[in-house]
Amino acid sequence: MSSSAAPSAACVWFRKGLRLHDNPALLEAINGSDTLYPVFCVDPTFYSPDVIGGNRIAFLLESLRDLDASLKSRNSRLIVLRGSPNDVLVSKMEEWNVSKLCFESDTEPYAEARDGRIKEAAEALGVRVFSPVSHTLYDPNVLIAKNGGKAPLTMQSFQKVVDKAGPPPAPAADPPSSLPPCGAVPSGEYLVPSLSDVGYGEEHMKESNKPVEGGETAALARLAKYMADEAWVASFDKPKGNPTTFTPYPATTLLSPYLKFGCLSPRLFYAKLREVYNRRANHTKPPVSLYGQLLWREFFYCASVGIPNFGKMEGNPNCKQIDWDTNDEFLQAWEAGRTGYPWIDAVMTQLRQEGWMHHLARHAVACFLTRGDLYLSWESGAKVFDKYLLDADWAINNANWQWLSASAFFSQYFRVYGPVSFPKKYDKDGAYVKKYLPVLANMPAKYVYEPWTAPADVQKKAGCVVGVDYPAPIVDHATIHKTNIQRMKAAYDRNKTMNPSSGAASGVKRKGVEPAR
DNA sequence: CGCATGTTGAAACA
DNA sequence: TGTTTCAACATGCG
């Protein structure tokens, strides 16, 4: 910022990483710059209510408003450009005479293609580009290199790689209390848009009722609140969580939407966890601990970077090729919560209304859509989750769908979640399903997960006649799940003969071994 | 090879 | 509330 040096303008481009803390791209942008342009690009054609639910857009806009406020308190502001970054960002960099462009690295295929084009255009303008890793604890490519150039495929082998890599980098320093000014940008322009500005009218928000507010400020408050309960942090055991608890969601931290948008740095989360673990001799360990949850995120990011065509079945060498059915009626019933199984329909209703549901609830509906009941492709389910989830994250979403459909990572396809038995373990009275499906409010607990078994007079008295007020089950779980296990077995056998990657090893094994008696 | 293990199954039994 | 059985896959270790 010395006045004798040539004026130097930099641009920090926010995409994910919507925060000021632990933001190495921002620090690099202000280093040696006397003008700073903090930019976010909104491409209104990209935000469509058919593709991205209103809850997530609302969360994003809240995050942008919070970022703008934090920048303003440091004598700066957020400049929101409208249009494709390729057009608007490149032309602004030229207009502002920017010499340095900084943005957080993003490994999603869409982002890599976009950023590749921007880098080319920037370099053509003589703009230097810095793109540090801060969305994950580690640089996925570094971990992959440490594992011999391949992404680890089991959590255990992944943890060994992490142990070899040592602790992740500490969070970057906080930015100074005063940032370089923005130059001649009109104060009344380039403002954070409203929902209706980006095409989300009231008619798109009717069902929307998200449980958390977007933004770094809310993220840090939430982190602090959960970290303060050290006994809870130390005893966190994910698989033992209860998927039928609702607001205020005591079973998990609900920090995932903040990690998705980068309102919260995973490295800060890690550092705070370490502090608690250091004070608590007894604490749970990965993979079930809170730290374990961060490692799952890293594990899946590595897989998404190291495995080709990670968002698809075809051409994905780690994904079993399975003969999924196509059935739009089933798919639509599942998405809309009209399968006739209250547990499934309630979870899908929570997804549409709130953009969030417990991890185990996600398991149940994912299993139901794929190998458990409907036998539809995990890709079609991932698309629906990607639309509605506040924390929809390309790498993690695709990984979990492959997991639950027993297409990759997990292969015990005979372990099927029962749409009646599973929720009963947690919520005998059906409070959760009654909250999301008010039509079942007066159904006796005995029948709440399988209302079609209630006698006609009970259904009538409850105001929930199956086939009239609430759908009849679209499949018979008791029979179809057994059929599907056999279909999975056949599909696995076909994969063995089609792609004998482990068969090669068995060929080696056979060499020199005595013939069978 | 044999065997244990894998973040989160269900049903039948004690 | 905890243990066994059901029917049974992939991986990694000894």
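For this tour, Ala, Val, Leu, Ile, Met, Phe, Trp, Tyr, Cys and Pro count as nonpolar, Asp, Glu, Lys and Arg as charged, and the others, Gly among them, as polar. The model is predicted, so local features need pLDDT of at least 70 and side-chain atom pairs pLDDT 80 or more, while totals for chains, interfaces and linings use all residues. Residues are numbered from 1 along each chain, chains are lettered from A and ligands numbered from 1 in the order written, and side-chain values use heavy atoms, without hydrogens or water.

**First stop: DNA strand C.** Select the residues near it (a heavy atom within 4 Å): K160, K320, S411, Q412, Y413, F414, Q486, K489, Y492 and K496. By class they are three nonpolar, three polar and four charged. Now show helix α21, residues 477–498 (helices are DSSP runs of H or I, at least four residues, numbered from the N terminus); α21 gives the largest share of this surface, four residues.

Next, look for polar contacts (pairs of N or O atoms within 3.5 Å). The K160 side chain reaches a phosphate oxygen of strand C at 3.1 Å, and the K489 side chain does so at 3.2 Å. S411 has a side-chain N or O atom 3.1 Å from a sugar or linking oxygen.

**Second stop: DNA strand B.** Among the 21 residues around this strand, select P239, H363, G418, S421 and K425, which come nearest. Zoom in on G418, where a polar backbone atom sits 2.7 Å from a phosphate oxygen. For a base instead, pick Q412: a polar side-chain atom lies 3.5 Å from a base nitrogen of strand B.

Note on methods:
A polar contact is a pair of N or O atoms within 3.5 Å; within protein, one must be able to donate a hydrogen and the other to accept it, and residues adjacent in sequence count only if both atoms are side-chain atoms. Helices (H or I, at least four residues) and strands (E, at least two) are DSSP runs, numbered from the N terminus.
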